[in-house]
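Welcome! Take a moment to turn the model around before reading on, and then we can walk through it together.

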Amino acid sequence: MIDRRGALAGAGALAAMAGMPLRATAKTRNLPPRLKAGDVVGIVAPSSALSSEDKLENAEHWLRGMGLVPKVGPHAGDRDGYLAGTDAHRAADINAMYADPEVRAVFGARGGWGGARLLPLLDWNTIRANPKLFMGFSDITALHLSFAAKAGYPTIHGGNATSSWPKEQWESFWRLAFAADTPTLGGIAEEQAVGRPGRTIHGGKARGKLLGGNLTIVSTLMGTPWVPDFTGAILFLEDIGESEYRIDRMFQQLRLAGVLGRINGIVFGQCTDCRTSDADYDGFTLDQVIDQYLGPLGIPAFTGANIGHVRNQLCLPSGGQVELDADARTIRLLEPIVA
């Protein structure tokens with residue numbers, strides 16, 4: 001396991017090795033800055049309210065452990081019904097973080113629901129002009145997709161600020177955000193290590209921009225101006241607590257919207273607790289539903305990656321150019337997502 005403090009020193013060495021050409025290329029691509037020890041990072045709550053007061057304290061603890069300096073949004077601890085404050089306040093916190101020159105990246109505190117309500121309220125001119133990594137998963141998918149559509153630079157789909165940041169999560173995040181690395185993520189050896197075997201539906205390799213996230217949120221945003229163009233993309237999906245027919249319904253929405261017919265490859269990660277609880281249920285299994293949609297596509301496709309609502313989830317370069325290898329069941333980043 002990469003030690004967090006040792007990794008920070010390694011990041012400095014990698015930055016020195018990278019030299020001016022990499023920085024010049026990254027600047028041309030309008031990428032967020034890489035993180036380094038001592039950087040200030042924002043904590044915002046775009047979605048559901050935090051469940052207890054100690055959640056923000058936990059988030060600050062984990063970020064300090066990464067060598068970062070957390071800056072909590074003024075409304076991150078608010079509550080408005082089941083949301084973390086009013087839409088206006090939650091959006092204002094995000095806008096302020098992107099306008100603040102001191103802040104180098106922004107972490108969503110948790111998922112739940114509410115991110116999509118903010119999209120028309122965000123200051124996209126300021127966000128576009130100040131590239132900073134946005135980090136989180138689950139409902140944060142709404143932000144990842146809208147950043148790809150409106151801001152045009154990568155984000156990181158992975159742990160929220162209040163996540164516990166175990167080994168796999170931390171290491172993949174460090175390689176993407178601190179080291180400006182181009183890692184190969186996943187693979188059969190990793191599946192065996194965590195005890196969750198994957199499954200190849202169609203073999204082969206495909207390249208494209210990595211886009212996706214939580215299936216429920218991806219399908220919810222279909223037909224809106226907040227989704228990017230999926231033509232030639234590598235689509236990744238995950239979900240939690242959805243029964244088989246709901247997964248069927250959401251895949252059908254992606255099919256009818258033309259998304260499944262435009263992508264170059266697809267990986268379906270973990271679908272935690274996605275099964276009907278009725279003991280007499282005799283409908284399709286989750287694997288059968290997935291096969292009904294992914295099988296006919298005839299493109300590289302696999303399932304079972306450590307993506308989603310699992311403890312050791314991988315951090316993914318959302319919006320980055322990747323190569324998917326469905327036989328090895330890996331995702332390889334082709335170029336850094338930070339400058």
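## Surface and overall build

Let us begin on the outside: the protein exposes about 13300 Å², and carbon and sulfur atoms supply 52% of that area. Please keep in mind that this is a predicted model.

How far does the C-alpha trace span along its principal axes? The spans are about 55 × 50 × 35 Å. A compact globule of 339 residues would have a radius of gyration near 20 Å, and the 19 Å of this protein agrees with that. Of the 339 residues, 56% count as buried. Among contacts with a separation of 6 or more, 81% link residues that are 24 or more positions apart. As for secondary structure, you can look for 10 helices and 14 strands.

## The open sheet

A good landmark to find next is an open sheet of 6 strands, arranged in the order 2-1-3-4-5-12 with mixed pairing. Which strands sit at its edges? They are strand 2 (69-72) and strand 12 (316-318), each of which pairs on one side only. From one strand to the next, the twist averages 30°.

Within this sheet, strand 1 (residues 40-44) and strand 2 run parallel and are joined by 4 bridges. If you look along this pair, you will find Val40 opposite Val69 of strand 2.

## Two helices on the sheet

Helix 3 (residues 87-99) lies across strand 1, strand 2, strand 3 (103-108) and strand 4 (133-136). Its direction is at about 170° to strand 1. Helix 5 (residues 141-151) packs on the sheet as well, where it touches strand 4, strand 5 (155-157) and strand 12. The direction of helix 5 makes about 150° with that of strand 5.

Helix 5 is also home to Ser146. Is Ser146 buried or exposed? Its relative accessibility is 0%, so Ser146 counts as buried. Apart from neighbours within four places in sequence, Ser146 is in contact with Leu119, Trp124, Ala151 and Trp226.

## A proline in a loop

Now follow the chain to Pro46, which has its place in the loop between strand 1 and helix 2 (54-65). Although Pro46 belongs to a loop, it counts as buried because its relative accessibility is 0%.

What is Pro46 in contact with, once neighbours within four places in sequence are left aside? Its contacts are Arg90, Ile94, Gly108, Ala109, Gly114, Gly115, Leu118, Phe134, Ile140 and Leu143. Another residue to locate is Thr162, 116 residues away from Pro46 along the chain, with 13 Å between the two C-alpha atoms.

## The cysteines

How many disulfides does the structure hold? There is 1. Cys271 and Cys274 form it, with their sulfur atoms 2.2 Å apart. The torsion about their S-S bond is about -75°, so this disulfide is left-handed. Both Cys271 and Cys274 are buried.

Cys315, by contrast, is in no disulfide. The nearest cysteine sulfur to it belongs to Cys271 and is 20 Å away, whereas a disulfide needs the two sulfur atoms within 2.5 Å. Cys315 is buried too, because its relative accessible area of 0% falls under the 20% limit.

Technical notes
Residues numbered from 1 in each chain as written. Predicted model: local features only at pLDDT ≥ 70, side-chain atom pairs only at ≥ 80, totals over all residues. Heavy atoms only, no water. Buried < 20%, exposed > 50% of the residue type's maximum accessible area, 1.4 Å probe, protein only. Pairing = 2+ DSSP bridges. Axes fitted to C-alpha atoms, helices over the stretch in contact; angles between N-to-C directions. Contact = heavy atoms within 4.5 Å. Rg over C-alpha atoms; globule rule 2.2 N^0.38 Å. Areas by Shrake-Rupley, 256 points an atom, 1.4 Å probe, with all protein chains shown as cover.
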